[in-house]
Amino acid sequence: MRDLSSTVWDSFQGANSILACIPVHNNGFLDSDHKVCLQHIARRALSRDMPIDLVVTMMDKVSTPKLKDYYFAMRSEIEGLGIPIRKSFETSTRNSKGLVEIKDYLASVAKPSPWEAE
């Protein structure tokens with residue numbers, strides 16, 4: 001997983017914020033690979049004062065009270081990692097839930113790159 005975290009981090013070198021996307025899990029636990037990746041990316045982002053936004057995907061799968069409990073357990077586990085998350089979103093591409101909100105949010109917080117500001 002360390003190699004994946006490094007590869008992901010390399011792609012963020014020109015960015016001014018991070019949008020971490022994690023799929024919802026039906027067992028109530030954060031996948032261990034996602035946990036490790038989040039921790040590595042957060043450590044590096046914090047060293048550069050880069051804000052982290054969280055997107056939980058596949059929310060259409062959270063359809064019963066039991067699955068909602070699992071989802072809240074997963075969110076608690078993410079919060080327990082101590083990663084400072086600036087904003088979080090819940091999305092589903094199946095019913096387009098949350099996608100416009102993310103687009104609008106990113107447009108509001110985006111900063112021009114030095115080559116765009118000139």
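Analyst: Two strands pair if DSSP finds at least two bridges between them, and helices (H or I, at least four residues) and strands (E, at least two) are themselves DSSP runs, numbered from the N terminus. This is a predicted model, in which local features need pLDDT of at least 70 and side-chain atom pairs count only at pLDDT 80 or more, while totals for chains, interfaces and linings use all residues. Residues are numbered from 1 along each chain as its sequence is written, and side-chain values use heavy atoms, with hydrogens and water left out.

User: What makes strand 1 and strand 2 a pair?

Analyst: Six bridges join strand 1 to strand 2 (residues 52-57), and the two run parallel. Since at least two bridges are required, the six found here satisfy the rule. One example is Ala20, whose bridge partner in strand 2 is Leu54.

User: Why are strand 1 and strand 3 called edge strands?

Analyst: The open sheet has three strands in the order 1-2-3, with parallel pairing. Strand 1 (18-23) and strand 3 (85-90) each pair on one side only, and that places them at the edges. Neighbouring strands of this sheet are turned by 20° against each other on average, with direction ignored.

User: What does helix 2 touch when it packs on the sheet?

Analyst: Taking contact as heavy atoms within 4.5 Å, helix 2 touches strand 1 and strand 2. Its direction makes about 170° with that of strand 1, where axes are lines fitted to C-alpha atoms, for helices over the stretch in contact, and angles run from 0 to 180 degrees between N-to-C directions. Helix 4 (residues 99-109) also packs on the sheet, touching strand 1, strand 2 and strand 3, and its direction makes about 155° with that of strand 3.

User: How do you know that the span of helix 2 agrees with its number of residues?

Analyst: The expected span is 1.5 Å times one less than the number of residues. For the 16 residues of helix 2 (residues 32-47) this comes to 22 Å, and because the end C-alpha atoms are 23 Å apart, the two values agree.

User: Which residues of helix 2 are called buried?

Analyst: Buried means under 20% relative accessible area, exposed over 50%, and partly exposed in between (1.4 Å probe, protein chains only). In helix 2, Cys37, Leu38, His40, Ile41, Ala42 and Ala45 meet the buried criterion. Of the 118 residues of the protein, 32% count as buried.

User: How many helices and strands does the protein have?

Analyst: The protein has five helices and three strands, and from the N terminus on its elements run α-β-α-β-α-β-α-α.
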